[in-house]
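Subject: Structure handover

Hello,

I am passing on the structure we spoke about, followed by notes on what was found in it. Please read the notes with the structure open.

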Amino acid sequence: MTALAPADAAAIERAARLLRDGGLVAFPTETVYGLGADATSPAAVARIYRAKGRPSFNPLIAHVADLDAALAEAALPKAAIRLAETLWPGPLTLVAPRVAAGSVCDLACAGLASVALRVPEAPVALALIRAAGRPIAAPSANRSGHVSPVTAAHVIEDLDGAVDLVLDGGRAERGVESTILSFVGETPRLLRPGALARETLEALLGRPLETTGAAAAVVAPGMTASHYAPRARLRLDASALREGEAGLDFAGALRARADAAAMIVDLSPKGDLEEAAANLFGHLRELDARGADHIAVAPIPAHGLGEAIADRLRRAAAPRTKA
Ligand code: TXA
Ligand code: MG
């Protein structure tokens with residue numbers, strides 16, 4: 001059975017021991033909860049894939065304690081190092097060529113010649129990585145294809161019995177996964193919009209970011225079309241509720257045109273995109289729990305974190321592939 005513990009010093013020590021022994025530990029980061037295993041151990045990493053029920057071996061993000069630990073794994077070009085110096089710890093994942101002396105195992109990288117690295121900002125995550133003394137591979141701690149977890153309770157809902165320990169560190173503040181940038185080619189590319197807005201990265205890089213379209217599936221193999229899916233069906237960019245629909249609102253747009261009795265949750269009544277990102281996965285789970293079968297989603301502004309929110313909503317609305 002899965003143990004659940006408040007993330008105090010003793011629990012973090014116990015979690016680090018479990019990780020070193022090949023166990024699975026779910027832990028809070030500032031983005032979403034991660035399902036962690038020793039990234040240097042193929043046997044431990046294999047348990048992640050099994051627990052999530054991932055249909056294929058998608059590469060995982062290796063979470064490291066600092067930039068030096070990242071440089072021990074990957075050949076980060078100067079521009080990537082500058083970004084890391086400014087934005088780590090934080091919700092930025094960098095993909096770069098692996099170095100021969102790296103410790104992250106092939107399975108964690110799904111056999112690719114590159115590795116994804118991130119230094120998380122959440123104190124519990126950092127303390128855990130430091131205590132484990134090695135990179136921690138961690139995808140979001142949900143069943144494959146389901147909505148990402150932002151609380152320990154969400155993790156238990158999806159993975160009870162499949163994980164050795166869940167560290168409860170409260171709600172993941174940002175609520176949407178890290179932004180992934182690839183430095184594998186000549187120019188940096190945005191593989192996944194996320195908790196760090198494109199505008200911030202472009203300003204620091206001094207250039208626009210090439211985007212990998214959702215169609216170019218090979219580049220980030222985990223980015224399948226149907227992902228982040230609740231049970232209910234989603235209709236995006238809705239201007240009003242139709243018969244039988246619940247609403248996922250933004251800034252009261254749907255509420256303004258609906259019956260008082262309509263089931264509507266608002267991502268951000270005041271129209272704040274950071275608040276909306278933080279609420280996204282929790283609100284989708286809430287509508288599922290309240291029995292919504294069809295969800296109309298209000299238009300979301302395209303700038304800042306709106307890009308990541310729209311990306312997750314598009315995937316949640318995509319036709320389901322049965323994994
Ligand atoms: O915020 C986050 O990033 C969370 C927390 C736990 O850190 N983690 C997370 O992991 O979202 P996951 O496994 O759900 O997503 C990792 C993404 C996948 O889409 C995967 O394909 C991509 O990173 N990825 C990993 N390694 C890669 C590589 N070498 N090249 C291209 N894409 C890679
Ligand atoms: Mg995920």
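Which residue in β9 does threonine 93 stand opposite? The residue is isoleucine 180. Please keep in mind that this is a predicted model.

Domains

The chain is divided into domain 1, residues 3-211, and domain 2, residues 233-317. Taken over C-alpha atoms, the centres of domain 1 and domain 2 are 27 Å apart. Their contact takes 14 residues from domain 1 and 15 residues from domain 2. On the side of domain 1 that touches domain 2, the residues divide into 6 nonpolar, 4 polar and 4 charged.

The sheet

An open sheet of 11 strands with mixed pairing runs in the order β1-β8-β2-β3-β7-β4-β6-β5-β9-β10-β11. Its edge strands are β1 (3-6) and β11 (210-211), each of which pairs on one side only.

Two helices pack on this sheet. Helix α2 (residues 42-52) touches β3 (33-38) and β7 (136-137), and its direction makes about 145 degrees with that of β3. Helix α5 (residues 123-132) touches β2 (25-28), β4, β7 and β8 (165-168), and its direction makes about 140 degrees with that of β2.

Strand β5 and its partners

Strand β5 covers residues 92-97 and is mostly covered, with 5 of its 6 residues buried. β5 and β9 run parallel and are joined by 4 bridges; the pair of threonine 93 and isoleucine 180 belongs here. β5 and β6 run antiparallel, and 4 bridges join them as well. Here leucine 94 stands opposite leucine 117 in β6.

Strand β6 (residues 114-118) also pairs with strand β4 (residues 61-63), in the parallel sense over 3 bridges. The bridge partner of histidine 63 in β6 is arginine 118.

Binding-site positions from UniProt

An unreviewed UniProt entry places the feature "binding site" at Arg54, Asn58, His63, Arg118, Ser140, Ser148, Arg192 and Tyr228. Two of these positions, Arg118 and Ser140, are described here.

Is arginine 118 buried or exposed? It is in strand β6, and it counts as buried because 28 other C-beta atoms lie within 10 Å. Leaving out residues up to four places away in sequence, arginine 118 touches Ile61, His63, Leu92, Thr93 and Ser178. His63 is thus a contact of arginine 118, a bridge partner of arginine 118 and a position in the UniProt feature.

Serine 140 is in the loop between β7 and α6 (152-159). This residue is also buried, with 28 other C-beta atoms within 10 Å. Neighbours within four places in sequence aside, serine 140 is in contact with Val32, Tyr33, Gly34, Ser148, Pro149 and Glu177. Ser148, one of these contacts, is likewise listed in the UniProt feature.

The unreviewed UniProt entry also places a "binding site" feature at Thr31, Ala138 and Ser178. Why can these positions be said to gather at one spot? They span 148 residues in sequence, yet no two of their C-alpha atoms are more than 12.0 Å apart, so they do gather at one spot.

Threonine 31 lies in the loop between β2 and β3. With 29 C-beta neighbours inside 10 Å, threonine 31 counts as buried. Its contacts, not counting residues up to four places away in sequence, include Pro91, Glu177, Ser178 and Ala195.

Serine 178 is in the loop between β8 and β9 (179-182). Serine 178 is buried, with 26 other C-beta atoms within 10 Å. Among the residues it touches, again beyond four places in sequence, are Thr31, Leu92, Thr93 and Arg118. Serine 178 therefore touches Thr31 from its own UniProt feature and Arg118 from the other listing.

Backbone details

A few backbone features are worth a look on screen.

- Tryptophan 88 and proline 89 are joined by a cis peptide bond, with omega about -5 degrees. Proline 89 is in the loop between α4 (78-87) and β5.
- Alanine 110 is not a glycine, yet its phi is positive, about 50 degrees. Alanine 110 is in the loop between β5 and β6 and counts as partly exposed, with 16 C-beta neighbours inside 10 Å.
- Aspartate 237 also has a positive phi, near 55 degrees. Aspartate 237 is in the loop between β12 (233-235) and β13 (246-249) and is exposed, with 12 other C-beta atoms within 10 Å.

Regards

Key: Residues are numbered from 1 along each chain as its sequence is written. Chains are lettered from A and ligands numbered from 1 in the order in which they are written. This is a predicted model: local features need pLDDT of at least 70, side-chain atom pairs count only at pLDDT 80 or more; totals for chains, interfaces and linings use all residues. Domain bounds come from an automatic or database domain assignment. Two residues are in contact if their C-beta atoms, placed from the backbone, lie within 7 Å. Ala, Val, Leu, Ile, Met, Phe, Trp, Tyr, Cys and Pro count as nonpolar, Asp, Glu, Lys and Arg as charged, and the others, Gly among them, as polar. Two strands pair if DSSP finds at least two bridges between them. Axes are lines fitted to C-alpha atoms, for helices over the stretch in contact, and angles run from 0 to 180 degrees between N-to-C directions. UniProt positions are given in the numbering used here, feature names are shortened, and annotations may be inferred rather than shown by experiment. A residue is buried if 20 or more other C-beta atoms lie within 10 Å of its own, exposed if 12 or fewer, and partly exposed in between; C-beta atoms are placed from the backbone.
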